[in-house]
Amino acid sequence: MTHRYCGSFQLLGTLLACGVLIGFSSCCSPRIKPPETTKSALHQRTLLDADWLFHRGDISSSNEVIRADFNDSQWENVHLPHDYVLDGTYAYSTNREVRGHGYLPYEVSWYRKHFSVPESSRGKILRLDFDGVFRDSEVWLNGEYLGRHPSGYTPFSYDITKLAKVGAENIVTVRVDPREWEGWWYEGGGIYRHVYLTALAPVHVAQWGTYVTSRVPNGDQGAADEGDVTIQTTVENNSETTANCEVVSEIVGPGGRSIQTLKATQPVTENAEQNVTQQTVIAHPKLWSVESPNLYQLRTTVLHDGKAVDYTTTTFGIRTIRYDADKGFFLNGKHVEINGVANHQDFSAVGIAVPDNLQSWRVAKLKQMGCNGWRTAHNPPNEAVLDACDRLGMIVMDENRHLGDTFPAKADAETGYTNLSDLATMIQRDRNHPSIIMWSMSNEEKFQGSPAGRAIFSAMKELTRRYDDTRPITSAIVHNWPANGAADLQDILGVNYNETKYDAIHRLHPDKPMFGSEDTNQKTTRGE
């Protein structure tokens, strides 16, 4: 491989699905912990993973199942994360799609959970946060419809402030329909990521409202005399009056010591959001790299009329990335050849309901094998994957599922589908992770080089730049090489297979760096 290719993310299917499931304990150091103060009670996030009630199969009397007095005493008790497809009956089929999805039946199922909202939450903004449900979920609270979320890979939230019963029992009901697949691999089904009840003061940091960027002036030359850090905090005011706010941003170094504290005042009008920008310089920063994944923490406190009302923490890293069309990828001025895997989210005997500490174990095992890159094939990942990559030093190609949102390729390719809420969610949620070195818009979309595909890609690129302009934009292309109309729009070229055409592709795009986004597809178990 010549240096003009940055490296490759090879597809290993269910890599590490070797039956070694003992000892799920995390093998990496803990995150920097916030100080034990009353501030941690300002932003309350309660994990709702325990004691859900589950019913396999659809229910014809759906109007009854959402009622508070519905008799769910015979339903199965389960804990999240939960993948109910894995518990189905295997049946051989010659249908390629059925084979690809594990020879298992995909059917509608239902969940219910009884939970209490404490009195301490009275007067606060209340939100149900779902990290991921596969797929096409509909949610009710106390019999009232909250909404529908088609995507199986992106998180979503519902404001339940007006519907929740404070100081009493509440019942959330979820219908899951995974029968229409988003990919061609095993995708599972169920509430397979975490669920939280979030309680906030009316004035608070917006969801994914903290964005930290850094610049090392001499980083490309390997120097790190100083790092310029910019903090953008989006403050949300859900009250009926203008709020006089102060944003206090404390930066904590990799060793746990407070380095700097920044303060900024900003009025926020009623029922609106306001961005607050702060800038500082950190002398001799400890850079994030594959060998030394140094992490900083931002502790954000929002004060309303002088009183602390919200507190959040954000992990970030300081590093430089650069791509050269002839020499490849550089991290902090050092040439790094990417030896990566395109890794699906499922795991042997676990399905898609992968515990967080197993994600850390998997990243650590990959590093032991000589891997330094993870492509999130082919969808936004569980955030625990990104946390593990940050802590352990694994660079990431973060990938959106489709060219557009959930199902653009089927019905809307000719009309220019540009509903990009899933992409916006992915970028805003993931943009503070230093491990991410590129954004991938899609994988192997057959119409990506058509006029409609180009229009969609252009819209996606514009939206991505709106939320993060620090990383290059790419996608994994397999069709019509070397002549593909979508290549002109990419910052760097991701090439699936077509190894014999690398030189021809490079001659067509001599100024663009390129890498093997998928080079080999192995479905065997090691030793067999």
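**Figure 1. Contacts across the whole chain of the predicted model.** Among contacts between residues at least 6 apart in sequence, 72% join residues at least 24 apart. The secondary structure of this predicted model comes to 8 helices and 28 strands. The chain has 528 residues, of which 57% count as buried. About 21,800 Å² is exposed by the chain, and carbon and sulfur atoms supply 47% of that area.

**Figure 2. Confidence along the chain, with two stretches of pLDDT below 50.** The mean pLDDT of the chain is 89, and 89% of its residues reach 70 or more. Over residues 12-38 the pLDDT is below 50, and the model gives this stretch 57 contacts beyond near neighbours in sequence. Residues 408-417 also have pLDDT under 50. For residues 408-417 the model has 18 contacts beyond four places in sequence.

**Figure 3. The largest nonpolar core, with 38 residues.** Trp52, Tyr111, Phe130, Ile160 and Val174 touch the most other members of this core. Two or more residues each come from strands E3 (52-56), E5, E6 (125-130), E7 (137-141), E9 (156-159), E10 (169-176) and E11 (195-200). Leaving out residues up to four places away in sequence, Phe130 touches Val139, Pro155, Phe156, Tyr158, Val174, His194 and Val195. Another core, of 30 residues, lies apart from the largest one; among its members are Leu366, Cys389, Leu392 and Met441. In soluble globular proteins, nonpolar side chains tend to be buried together.

**Figure 4. The surroundings of His101, in the loop between helix H2 (96-100) and strand E5 (109-116).** The relative accessible area of His101 is 0%, so His101 counts as buried. A polar atom of the His101 side chain lies 2.9 Å from the backbone oxygen of Glu97. The backbone oxygen of Gly183 is 3.3 Å from a polar atom of the same side chain, that of His101. Leaving aside neighbours within four places in sequence, His101 is in contact with Tyr106, Trp181, Gly183, Trp184, Trp185, Tyr186 and Glu187.

**Figure 5. Helix H3, residues 356-368, and the elements packed against it.** H3 has 13 residues, which at 1.5 Å a residue should span 18 Å; the end C-alpha atoms are 19 Å apart, in agreement with that value. Buried in H3 are Leu358, Gln359, Ser360, Trp361, Arg362, Val363, Ala364 and Leu366. These buried residues pack against strand E22 (338-342), strand E23 (373-375) and helix H4 (383-392). Leu366 is also one of the residues of the 30-residue core. After H3 comes Gly370, with a positive phi near 95°.

**Figure 6. Helix H6, residues 421-430, within the structure.** Because 9 of its 10 residues are buried, H6 is largely enclosed by the rest of the structure. The buried residues are Asp422, Leu423, Ala424, Thr425, Met426, Ile427, Gln428, Arg429 and Asp430. The elements covering them include strands E8 (144-149), E12 (203-215), E24 (395-399) and E25 (436-443), together with helices H4 and H7 (451-467).

**Figure 7. Asn443 in strand E25.** Asn443 has a relative accessible area of 2% and is therefore buried. The side chains of Asn443 and Asn496 are joined by a polar contact of 3.2 Å. Not counting residues up to four places away in sequence, Asn443 touches Trp184, Arg375, His378, Glu399, Arg401, Ala476, Asn496 and Glu518. Trp184 is likewise one of the residues in contact with His101. Thr474 is 31 residues from Asn443 in sequence, and their C-alpha atoms are 9.8 Å apart in space.

**Figure 8. Val309 in strand E18, residues 307-316.** With a relative accessible area of 14%, Val309 falls under the 20% cut-off and so is buried. Val309 and Leu42 are 267 residues apart along the chain, while their C-alpha atoms are separated by 6.0 Å. Leu42 is among the residues that Val309 touches beyond four places in sequence; the others are Ala201, Val203, Val302, Leu303 and His304.

Terms used:
Residues are numbered from 1 along each chain as its sequence is written. This is a predicted model: local features need pLDDT of at least 70, side-chain atom pairs count only at pLDDT 80 or more; totals for chains, interfaces and linings use all residues. Side-chain values use heavy atoms; hydrogens and water are left out. Helices (H or I, at least four residues) and strands (E, at least two) are DSSP runs, numbered from the N terminus. Buried means under 20% relative accessible area, exposed over 50%, partly exposed in between (1.4 Å probe, protein chains only). A polar contact is a pair of N or O atoms within 3.5 Å; within protein, one must be able to donate a hydrogen and the other to accept it, and residues adjacent in sequence count only if both atoms are side-chain atoms. Contact means heavy atoms within 4.5 Å. Accessible areas come from the Shrake-Rupley method with a 1.4 Å probe; for residues, only the protein chains shown count as cover. pLDDT is the predictor's confidence in each residue, from 0 to 100. A nonpolar core is a set of buried Ala, Val, Leu, Ile, Met, Phe, Trp, Tyr and Cys residues joined through side-chain atoms within 4.5 Å. The expected span of a helix is 1.5 Å times one less than its number of residues.
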